[in-house]
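Please look at the sequence and the structure shown below before reading on. The briefing afterwards is meant to be read with the model in view, one topic at a time.

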Amino acid sequence: MKYYIGVDLGGTNVRSLLVDENGESYSEVRGTTEREKGPDYVAEKIMKQIEALDTSVCGGLQGVEGIGIGAPGPVDTVYGVMIMASNLPGFENYPICAKLKQRFNLPVFIDNDANVAGLAEAILGAGKDYPTNYFITCSTGIGGALVVDKKLVSGGRGHAGEIGNMIIFPGGYKQGALNSGAAEGEISGTAMTRKGQEAKGADVVKHAGDVFRLAAEGDADCKKIRDQFVDGFSTLLANIAHTVDPHCFVLGGGVFKSKDYFWDELVEAFNSKIHVGMRNHIPLLFKEIDDCGAVGAAMLPMSQLNEVK
């Protein structure tokens with residue numbers, strides 16, 4: 001049995017996990033990130049978490065094969081640094097992988113948090129029986145990951161899978177640094193909540209699920225928003241399908257907790273937007289691993305070291 005460490009690094013919390021090649025967890029250490037104290041402080045916190053893991057099952061840290069880090073935003077996987085770090089000030093180009101390599105003398109890899117979640121699903125979860133997977137998470141934001149033969153495709157500058165910036169409604173809503181009409185600004189859980197609150201008020205719509213529920217109850221405003229979601233998400237799926245023709249999509253994120261309100265319409269709309277020969281041949285699956293962020297980070301070294309069975 002081989003063992004790996006996954007680090008789930010976020011702007012609010014950070015945790016480290018010891019798992020085996022089957023994704024079984026043995027030890028976990030978690031805490032607040034304390035990002036305001038700077039990258040050196042956070043890096044030291046991560047290293048202390050790793051040292052605090054109970055690694056007796058593999059004979060100590062020397063029995064660990066490698067360390068993986070899942071981080072928010074685009075990542076340069078070659079140099080092991082974050083390219084953008086809006087949630088972690090000071091982490092742009094910070095040598096986090098080099099720091100951990102020096103401390104533990106182990107291979108260390110880093111990738112985007114949505115990417116490592118997709119990797120977990122491709123190796124251990126819903127997509128494990130398919131040669132190519134496209135993972136999409138739709139929640140606060142929208143992220144994606146292409147996994148081919150159990151390896152992530154990160155692209156030339158680490159931006160592969162940044163589908164939240166893909167334009168689905170040209171000239172639409174402009175959110176932050178994203179394109180006008182980008183998917184994240186139009187159909188993410190945050191976008192659905194914003195649209196619902198604009199139409200019905202914040203006292204009526206607390207989250208995206210309220211929009212879907214009200215639409216099902218016959219509210220005309222929310223039905224329009226629901227229909228926009230179906231149109232936009234099916235367009236997103238079709239664009240990706242025509243680009244990489246994955247063997248399957250794996251879908252996750254809070255928005256899909258409300259899937260019963262829109263699922264049939266979404267599947268129909270998706271298949272209507274792709275070539276005839278593709279229709280009903282690309283299954284839309286749901287993620288199976290609850291903790292796919294930390295587990296996926298641990299799968300990163302296994303994948304990169306060519307140890308996936």
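What follows describes a sheet and the helices on it, then a buried strand with its partners, and lastly a pair of helices.

The model is predicted, and residues are numbered from 1 along each chain. An open sheet of 5 strands is described to begin with, then strand β11, of whose 5 residues 5 are buried, and finally the packing of helix α5 with helix α7.

**The open sheet**

- The strands of this open sheet follow the order β3-β2-β1-β4-β7, and their pairing is mixed.
- Because β3 (25–32) and β7 (108–112) stand at the edges with a single partner strand each, one side of each is left without a neighbour in the sheet.
- From one strand to the next, the twist averages 15 degrees.
- Within the sheet, strand β1 (residues 3–9) pairs with strand β2 (residues 13–20) in the antiparallel sense over 7 bridges, and G6 stands opposite L17 in β2.

**Helices on the sheet**

- Helix α3 (residues 113–123) lies across β4 (64–71) and β7, and runs at about 105 degrees to β7.
- Helix α9 (residues 292–304) also packs on the sheet, where it touches β1, β2, β4 and β7, and its direction makes about 130 degrees with that of β1.

**Strand β11 and its partners**

- In strand β11 (residues 248–252), 5 of the 5 residues are buried, so this strand is largely enclosed by the rest of the structure.
- The residues C248, V250 and G252 point one way from β11, whereas F249 and L251 point the other way, and all are buried.
- Strand β8 (residues 132–138) pairs with β11 in the parallel sense over 5 bridges, and in this pairing Y134 stands opposite F249 in β11.
- Strand β12 (residues 284–286) also pairs with β11 in the parallel sense, over 3 bridges, and F286 in β12 is the bridge partner of L251.

**Helices α5 and α7**

- Helix α5 (residues 189–200) packs with helix α7 (residues 220–244) at an angle of about 160 degrees, and their axes are 10 Å apart.
- Because angles over 145 degrees count as roughly antiparallel, α5 and α7 are roughly antiparallel to each other.
- The crossing in which α5 passes α7 is right-handed.
- On the α5 side, M192, K195, G196, A199 and K200 meet D221, C222, I225, Q228 and F229 in α7.
- The residues of this contact of α5 with α7 divide into 5 nonpolar, 2 polar and 3 charged.

Notes. This is a predicted model: local features need pLDDT of at least 70, side-chain atom pairs count only at pLDDT 80 or more; totals for chains, interfaces and linings use all residues. Side-chain values use heavy atoms; hydrogens and water are left out. Axes are lines fitted to C-alpha atoms, for helices over the stretch in contact, and angles run from 0 to 180 degrees between N-to-C directions. Helices (H or I, at least four residues) and strands (E, at least two) are DSSP runs, numbered from the N terminus. Angles under 35 degrees count as roughly parallel, over 145 as roughly antiparallel, 65 to 115 as roughly perpendicular and the rest as oblique. A crossing is left-handed if the near helix is turned anticlockwise from the far one by less than a right angle, and right-handed if clockwise. Contact means heavy atoms within 4.5 Å. Ala, Val, Leu, Ile, Met, Phe, Trp, Tyr, Cys and Pro count as nonpolar, Asp, Glu, Lys and Arg as charged, and the others, Gly among them, as polar. Two strands pair if DSSP finds at least two bridges between them. Buried means under 20% relative accessible area, exposed over 50%, partly exposed in between (1.4 Å probe, protein chains only).
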